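Here is a short briefing on one helix and the aromatic pairs. Look at the structure first, then read the points below.

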Amino acid sequence: MATRETIEINFMQAMRQADRIEALADDLNNVSGEKFGGSLQNLAGIWKGENASRYLTKGSVLQGKMSGTAGSLRAVASDIRTAAKRLYDAEMASLSIASDRTY
């Protein structure tokens, strides 16, 4: 059976991983919105024609996919937090029951 310290360490590690995933989602959103979006706007201002329109359309689709991936990463981080909390609560309850048990 796991000790209280082990349970707490594992819980904190899971939370840190969720935080890291969420930070990646924030970075991806930043790249998608500000950097990539700004580049597309600059490009639209200087490049005209049919090929420019096609390129910008593909860029816009890619920007949407990056935003969608960022949203998926946030959902994964949330799921990790939820699962970690449930596991933490279950393990702590089990530890409590084991420590209250008399033989």
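**Aromatic pairs and helix α2**

Trp47 has a relative accessible area of 34%, so Trp47 is partly exposed: the value lies between the cut-offs of 20% and 50%. The model is predicted. Two aromatic pairs occur in the structure.

**Pair Phe11–Tyr88**
- The rings of Phe11 and Tyr88 form a tilted pair, with 4.7 Å centre to centre and 35 degrees between the planes.
- This pair joins distant parts of the chain: Phe11 sits in helix α1 and Tyr88 in helix α2, 77 residues apart.
- Both Phe11 and Tyr88 are buried.

**Pair Trp47–Tyr55**
- The ring centres of Trp47 and Tyr55 lie 5.6 Å apart.
- Their planes meet at 55 degrees, so this pair is tilted too; the tilted class runs from 30 to 60 degrees.
- Tyr55 has 45% relative accessibility and therefore counts as partly exposed.

**Helix α2: length**
- Helix α2 covers residues 50–100, which is 51 residues.
- At 1.5 Å a residue, the expected span is 75 Å.
- The C-alpha atoms at the two ends are 75 Å apart, so the model agrees with the expected value.

**Helix α2: buried residues**
- The buried residues of α2 are Ala52, Gly59, Met66, Ala70, Ala77, Ala84, Tyr88, Met92 and Leu95.
- Helix α1 (4–46) is among the parts that cover them.
- Residues three or four places apart on an α-helix point the same way, because there are 3.6 residues a turn.
- Tyr88 appears in this buried set and also pairs with Phe11.

How values were computed
Residues numbered from 1 in each chain as written. Predicted model: local features only at pLDDT ≥ 70, side-chain atom pairs only at ≥ 80, totals over all residues. Heavy atoms only, no water. Helix = DSSP H or I, 4+ residues; strand = E, 2+ residues; numbered from the N terminus. Expected span 1.5 Å × (residues − 1). Buried < 20%, exposed > 50% of the residue type's maximum accessible area, 1.4 Å probe, protein only. Contact = heavy atoms within 4.5 Å. Phe/Tyr/Trp six-rings, centres within 6.5 Å; stacked < 30°, edge-to-face > 60°.
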